[in-house]
Amino acid sequence: MTDPYTAALPDTDALRILAAKSLNRCGAEPPAEGDSGDLVCRTPVTGGTLFFLPCAGPDQIDSAVTTAHATFSTWRTTPAPQRGRLVKRLGELLVEHKGDLADLITLEAGKIRSEALGEVQEMIDICDFAVGLSRQLYGRTMPSERPGHRLTECWHPLGVVGVVSAFNFPVAVWAWNTAVALVCGDTVVWKPSERTPLTAVACDALLARAAADTGMPAGVHQLVLGDRATGERLVDDARVALVSATGSVRMGREVAPRVAARFGRCVLELGGNNGAVVAPSADLDLAVRGIVFSAAGTAGQRCTTLRRLIVHEDVADQLVDMIVHACHRLPVGDPFAAATLVGPLIDAQAYEAMTQALERARADGGKLLTGGEPRLRDEAPQARYVTPAVVRMPTQTEIVRAETFAPILYVLTYRTFEEAIVLHNDVPQGLSSSIFTRDQREAERFLAVDGSDCGIANVNIGTSGAEIGGAFGGEKATGGGRESGSDAWRAYMRRATNTVNYSAELPLAQGVAFL
Ligand code: NAD
């Protein structure tokens with residue numbers, strides 16, 4: 001720890017100790033200075049360096065997969081409700097350490113306190129869900145066409161699940177995958193984002209503690225720290241039955257063919273470019289709150305961030321004025337400060353990407369209505385704070401169709417509902433969407449088969465802030481994966497169809513006669 005800002009945060013002590021202990025558990029002390037090849041662990045709050053952590057080399061990745069693979073042979077035969085006990089204990093430990101873990105998320109990902117606490121709550125919620133699931137991994141019984149036969153489906157554990165995660169939900173996405181995979185009887189190897197390794201070390205330590213407390217094998221979960229090359233090695237390992245990868249579309253384009261080439265399975269949770277339609281009948285006060293939270297929350301760094309506002313021309317000027325006014329009042333700054341609503345961008349590259357996107361938008365005829373200004377903090381010159389931008393665009397140009405991972409809201413207008421749907425769907429990504437309207441016909445049409453083409457479609461709420469109970473994921477370039485609630489667990493298991501003949505005859509299906 002070399003950063004004076006973090007040294008002044010007593011609440012993170014517990015997790016720092018936990019993180020350090022966990023490093024010891026892996027046989028590695030955090031070095032005072034980094035060696036070449038070490039991960040440099042930074043905080044976006046100050047831009048300063050926190051830790052140097054050793055990257056997992058090829059031998060460590062291989063050993064992590066070997067352990068997870070070996071543990072799978074006993075874990076898969078442990079009854080699912082017993083597997084649930086491990087996840088239940090993990091949930092209890094998350095409750096116990098909620099505040100400390102939230103501090104670590106703020107420190108490492110720059111989320112404001114309320115959102116960091118929300119992320120930990122999401123982990124607790126998915127643990128609850130998975131514990132219930134451990135008694136509900138239902139298969140179907142179908143009527144057999146043959147007399148004296150029983151036809152059923154049975155779900156079995158799949159194997160080792162490789163989890164590759166992004167910086168912006170450093171731990172919730174891990175929990176979605178891990179809690180569900182563990183009750184399904186899989187073991188997990190986690191490659192977290194190179195930009196958020198500390199939260200990963202803390203979660204790994206909590207899971208190890210949960211395993212010790214419940215007498216379950218610690219080998220069910222393995223952590224490999226590293227960058228893209230570490231991820232590639234994990235993805236290429238044929239013993240990894242399922243790769244659940246969360247990150248940019250670019251990453252998905254690389255991962256998907258590699259996994260397919262070895263006939264592995266993928267759950268892809270990739271970038272979004274989420275739109276909201278605002279109809280003339282909308283409750284504008286309500287819409288503004290939903291829009292500003294979705295567009296500026298997490299400093300525009302959610303996969304579900306609202307990036308495109310498609311508003312009816314009759315209410316466009318009024319709504320845009322209200323949004324600009326609300327954005328002006330958003331406190332941008334230190335995410336540890338109670339009043340702050342918009343924290344830092346993750347790093348200088350993110351700021352560069354935002355600046356370039358705004359320049360492109362202006363060159364395309366866009367008018368910047370507010371935001372895009374750096375907010376410098378004297379005590380943190382390396383950090384990148386920026387005011388959320390709102391840009392009115394004449395048309396949906398290429399820059400609008402691309403995901404820039406920063407707080408930019410492009411505003412487009414429409415005349416007819418059909419035009420709004422065409423504009424809305426005319427982007428490569430298909431994650432989240434919403435409509436603000438009091439017209440029930442419009443709302444239903446937005447949700448219908450020829451309405452929004454996204455994995456998530458909402459009415460009168462914004463595009464971000466999903467609950468764990470539903471399946472989460474998106475279509476098109478977002479990758480088609482589903483995680484979290486509903487029946488997303490099926491991706492973590494393999495299905496066997498069983499036919500049992502309990503008669504003394506041997507009738508063949510489709511009436512085929514033989515012998
Ligand atoms: P990123 O693609 O840069 O990295 C994500 C993870 O993939 C990291 O752990 C990285 O090391 C790893 N990685 C990168 N290239 C790889 C490769 N070729 N092989 C194996 N692993 C590789 O993404 P990021 O900047 O950390 O996160 C932001 C992006 O993630 C945004 O596009 C956002 O929309 C997306 N995201 C999507 C979801 C979702 O559920 N759909 C959730 C969170 C974030």
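## Salt bridges, helices and a surface patch: worked exercises

Counting each side-chain nitrogen of Lys or Arg within 4 Å of a carboxyl oxygen of Asp or Glu, the count comes to 24 salt bridges. The model is a predicted one, so please keep that in mind as you work through the exercises.

**Exercise 1. Find the partner of Glu153 in a salt bridge, and say which elements the pair links.**

Step 1: Look around the side chain of Glu153. Its partner is Arg495, and the closest N and O atoms are 3.1 Å apart.

Step 2: Place both residues in the chain. Glu153 belongs to strand β4 (residues 149-157) and Arg495 to strand β21, so the pair links distant parts of the chain, 342 residues apart.

Step 3: Check the accessibility of each partner. Glu153 has a relative accessible area of 14% and is buried, while Arg495, with 45%, is partly exposed.

**Exercise 2. Work out which residues join Glu232 and Arg258 in a network of salt bridges.**

Step 1: Begin with the pair itself. Glu232 and Arg258 form a salt bridge whose closest N and O atoms lie 3.9 Å apart.

Step 2: Locate the two residues. Helix α9 holds Glu232 and helix α10 holds Arg258, 26 residues apart.

Step 3: Compare their accessibility with the limits for partly exposed residues, 20% and 50%. Glu232 has 27% and Arg258 has 32%, so each counts as partly exposed.

Step 4: Extend the search. Arg228, Asp236, Arg250 and Glu254 are linked with Glu232 and Arg258 in the network.

**Exercise 3. Test the length of helix α10 and describe where its buried residues point.**

Step 1: Use 1.5 Å a residue. For the 13 residues of α10 (residues 249-261) the span should be 18 Å, and the end C-alpha atoms are 19 Å apart, which agrees.

Step 2: List the buried residues. They are Val249, Met251, Gly252, Val255 and Val259.

Step 3: Look down the axis of α10. The buried residues fall within an arc of 130°, so they line one face of the helix.

Step 4: Turn to the other side of α10, where Arg253 and Ala261 are exposed.

Step 5: Ask what covers the buried residues of α10. The cover includes α9 (228-236), β8 (240-246) and β9 (265-269).

Step 6: Follow the chain just past α10. There, Phe263 takes a positive phi of about 60°.

**Exercise 4. Repeat the length test on helix α6 and identify its cover.**

Step 1: Helix α6 (residues 113-133) has 21 residues. From first C-alpha to last it reaches 30 Å, close to the 30 Å expected at 1.5 Å a residue.

Step 2: Pick out buried residues of α6; among them are Glu115, Glu119, Glu122, Met123, Ile126 and Leu133.

Step 3: Name the cover. It includes α4 (80-96), α5 (98-109), α7 (172-184), α8 (197-214) and β20 (483-484).

**Exercise 5. Describe the surroundings of Gly470.**

Step 1: Find Gly470 in the loop between β17 (456-459) and β18 (471-472). Its relative accessible area is 33%, so Gly470 is partly exposed.

Step 2: Leave out residues up to four places away in sequence. Gly470 then touches Glu483, Ser484, Gly485 and Ser486.

Step 3: Check one separation. The C-alpha atoms of Gly470 and Asp487 are 8.5 Å apart, with their positions 17 residues apart along the chain.

**Exercise 6. Trace the nonpolar surface patch that includes Leu506.**

Step 1: Place Leu506 in the segment after β21 (493-501). At 67% relative accessibility, Leu506 counts as exposed.

Step 2: Add its companions. Leu508, Val512, Phe514 and Leu515 make the patch together with Leu506, and its area is about 650 Å².

Terms used: Residues are numbered from 1 along each chain as its sequence is written. This is a predicted model: local features need pLDDT of at least 70, side-chain atom pairs count only at pLDDT 80 or more; totals for chains, interfaces and linings use all residues. Side-chain values use heavy atoms; hydrogens and water are left out. Helices (H or I, at least four residues) and strands (E, at least two) are DSSP runs, numbered from the N terminus. The expected span of a helix is 1.5 Å times one less than its number of residues. Buried means under 20% relative accessible area, exposed over 50%, partly exposed in between (1.4 Å probe, protein chains only). The arc is that of the directions from the helix axis to the C-beta atoms. Contact means heavy atoms within 4.5 Å. Patches are made of residues with over 30% relative accessible area and no salt bridge: like charges are joined within 9 Å, nonpolar side chains (Val, Leu, Ile, Met, Phe, Trp, Tyr) within 5 Å. Accessible areas come from the Shrake-Rupley method with a 1.4 Å probe; for residues, only the protein chains shown count as cover.
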